[in-house]
Structure formats: structure tokens, C-alpha cells
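Take a look at the chain below. Follow it from one end to the other, then turn to its inside and its outside.

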Amino acid sequence: MASDERAAVLKKKHGIILEDRKTLTLTGIKDVSGFDEQKVILLTELGELTIKGSVLRINDFSNETGELSLEGNIDSLIYTEDKKSEGGFFSRLLK
């Protein structure tokens, strides 16, 4: 199996379930970058996800399954694109 195929198989699906803007369940989480009561920053399969609100707390996170649940007053979910470079300067120049 090629490296690209293996990476695709290992990639976890990313999903979000938001209930009453109070309870959030996520899948496809790679890591928790940072958190406090007003902001949680997550690395997902689709880039960085910032959750803003108040009284936020992480109830459960499994690094093995990529599942995370949190509670609080959820105001926003903001995705930031993955900033991985697709090659060097010349490969971008020649596209």
C-alpha cells in the first residue's frame, strides 16, 4: 500500500453535533492545541477549529478515537485552513 493510500485509510471522519448551543460532540480530532473558559482550539482532520464561548469545559477527549465532548455557552465555531505548503517556492511558481 502506498503512503498516500495509508494516510487516507488512517484519516478519521470529522463530525460535529451541537445541542442547544450548550453541548458539543466532535469526531476526527487530532489534538487539543489550547483551551480556557472562553476558547478551545482543536486540530481536526480538516484544519484548525476554534470554539468560542463562555464557561467552556472539556468533558472527555480520546486521542485514540479522536472523539471530544465539551459543554458551555457556545458562541462560534471557526475553521482555519491547514497552512501546509504544497512544495517549495518553485513548485508554487510553476503551477
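Along the sequence, this predicted model runs in the pattern α-β-β-β-β-β-β-α. That gives two helices and six strands. Among contacts between residues at least 6 apart in sequence, 41% join residues at least 24 apart.

Now go inside. The protein chain has 95 residues, and 21% of them count as buried. Which residues make up the largest nonpolar core? There are twelve: Leu 24, Leu 26, Ile 29, Val 32, Val 40, Leu 42, Leu 49, Ile 51, Leu 56, Leu 68, Leu 70 and Ile 74. Five strands each supply at least two residues of this core: S2 (23-27), S3 (29-35), S4 (39-44), S5 (47-62) and S6 (67-80). There is a general trend to keep in mind here. In soluble globular proteins, nonpolar side chains tend to be buried together.

Pick one core residue, Leu 49. What does Leu 49 touch, leaving out residues up to four places away in sequence? The list is Ile 16, Leu 26, Val 40, Ile 41, Leu 42, Thr 44, Leu 77, Ile 78 and Tyr 79. Three of these names, Leu 26, Val 40 and Leu 42, also belong to the core. Others, including Ile 16, Leu 77 and Tyr 79, lead us outward, to a nonpolar patch on the surface.

That patch covers about 410 Å². Its makers are Ile 16, Leu 18, Leu 46, Leu 77 and Tyr 79. Strands S1 and S6 each supply at least two of its residues. Take Ile 16, which sits in strand S1. Is Ile 16 buried or partly exposed? Ile 16 is partly exposed, because its relative accessible area is 35%, and buried would mean under 20%. So Ile 16 touches Leu 49 of the core and also helps to make the surface patch. For the whole chain, the accessible surface comes to about 6800 Å². Carbon and sulfur atoms account for 53% of that surface.

Finally, check the backbone. Asp 20 has a phi near 55°, a positive value in a residue other than glycine. Where is Asp 20? Asp 20 lies in the loop between strand S1 (15-19) and S2. Asp 20 counts as exposed because its relative accessible area is 73%, and the cut-off is over 50%. Val 55 is not a glycine either, yet its phi is positive too, at about 55°. Val 55 lies in strand S5. At 47% relative accessibility, Val 55 counts as partly exposed.

How values were computed: Residues numbered from 1 in each chain as written. Predicted model: local features only at pLDDT ≥ 70, side-chain atom pairs only at ≥ 80, totals over all residues. Heavy atoms only, no water. Helix = DSSP H or I, 4+ residues; strand = E, 2+ residues; numbered from the N terminus. Buried < 20%, exposed > 50% of the residue type's maximum accessible area, 1.4 Å probe, protein only. Contact = heavy atoms within 4.5 Å. Areas by Shrake-Rupley, 256 points an atom, 1.4 Å probe, with all protein chains shown as cover. Core = buried A, V, L, I, M, F, W, Y, C linked by side-chain atoms within 4.5 Å. Patch = residues over 30% accessible without salt bridge, like charges linked within 9 Å, V, L, I, M, F, W, Y side chains within 5 Å. Salt bridge = Lys/Arg side-chain N within 4 Å of Asp/Glu carboxyl O.
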